[in-house]
Amino acid sequence: MKNYFQRGERITGTASAAIASGDVVVIGALIGVAETKAAIGDEVTVLLEGVFTLAKGTSEAISKGAALYWDATNKVVTATAGSNAAIGKAFTSALAADAAVQVRIRN
């Protein structure tokens, strides 16, 4: 097919801050997880699909399949939409005492 470009599971962007492998990265309206670390100004590859273990809001119980959002201020996922960007769905449930939840990211 002449117009096929790529699978679309990764995107490359320029780091505007230091990024560690596994950090959540927002590029425009896309949100994903950094595949590698990057210094400011370096290119970073961001995975836009998959299931990742991410920190969640404290004292927040999350049900499997719940819509999740990225709280960029606190750098955690949350079930609260508000001004937070949609990141995906809970792949597993998490108790309020849990520090993280598995998130299925899909842009």
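**A walk through the strands of a predicted model**

Let us start with a pair of residues: Val33 has Leu47 in S4 as its bridge partner. The model we are touring is a predicted one, and this pair is a handy doorway into it. The strands around the doorway are S3 and S4, which run antiparallel and are joined by 2 bridges. S4 also pairs with strand S1 (residues 10-14), again in the antiparallel sense, this time over 5 bridges. Leu47 turns up here too, since Arg10 stands opposite Leu47 in S4.

From Arg10 we can step across to Glu35. Glu35 sits in the loop between strand S3 (30-34) and strand S4 (43-47), and the side chains of Glu35 and Arg10 make a polar contact of 2.8 Å. If you set aside residues up to four places away in sequence, Glu35 touches Arg10, Ser21, Thr45 and Leu47. Is Glu35 buried or exposed? The relative accessible area of Glu35 is 31%, so Glu35 is partly exposed; the cut-offs are under 20% for buried and over 50% for exposed. To get a sense of distance, look from Glu35 to Lys64: the two are 29 residues apart along the chain, and their C-alpha atoms are separated by 25 Å.

Now let us turn to an open sheet. Here 5 strands are arranged in the order S5-S9-S8-S6-S7, with antiparallel pairing. S5 and strand S7 (76-78) each have a single partner strand and stand at the edges, so one side of each is left without a neighbour in the sheet. On average, neighbouring strands of this sheet are turned by 45° against each other, direction ignored.

S9 is a good strand to follow residue by residue. Along S9 (residues 100-106) the side chains alternate: Val101, Val103 and Ile105 point to one face and are buried, whereas Ala100, Gln102, Arg104 and Arg106 point to the other face and are not buried. With strand S5 (residues 49-55), S9 shares 7 bridges in an antiparallel arrangement. Leu54 stands opposite Val101 in S9, and Val51 has Arg104 in S9 as its bridge partner. S9 is also joined to strand S8 (residues 85-90), by 3 bridges and again running antiparallel. Which residue in S9 is the bridge partner of Lys89? That partner is Arg104, which we have just met as the bridge partner of Val51.

Further along the strand order we come to Asp71, which belongs to strand S6 (residues 67-71). Asp71 is worth a pause: this residue is buried yet has no salt bridge. The nearest side chain of opposite charge is that of Lys75, 8.6 Å away, while a salt bridge needs a distance within 4 Å. Leaving aside neighbours within four places in sequence, Asp71 is in contact with Val76, Thr78 and Asn84.

One of those contacts, Thr78, makes a good last stop. Thr78 lies in strand S7, and S7 is one of the edge strands of the sheet. Why does Thr78 count as buried? Thr78 counts as buried because its relative accessibility is 7%. The side chain of Thr78 is joined to the side chain of Glu60 by a polar contact of 3.1 Å. Beyond its neighbours within four places in sequence, Thr78 is in contact with Glu60, Ala67, Leu68, Tyr69, Asp71 and Asn84. Asn84 is in contact with Asp71 and with Thr78, which is a nice place to rest your eye before exploring further.

Note on methods:
Residues numbered from 1 in each chain as written. Predicted model: local features only at pLDDT ≥ 70, side-chain atom pairs only at ≥ 80, totals over all residues. Heavy atoms only, no water. Buried < 20%, exposed > 50% of the residue type's maximum accessible area, 1.4 Å probe, protein only. Helix = DSSP H or I, 4+ residues; strand = E, 2+ residues; numbered from the N terminus. Pairing = 2+ DSSP bridges. Axes fitted to C-alpha atoms, helices over the stretch in contact; angles between N-to-C directions. Lys, Arg positive; Asp, Glu negative; His and termini not counted. Contact = heavy atoms within 4.5 Å. Polar contact = N/O pair within 3.5 Å; in protein donor to acceptor, adjacent residues only side chain to side chain.
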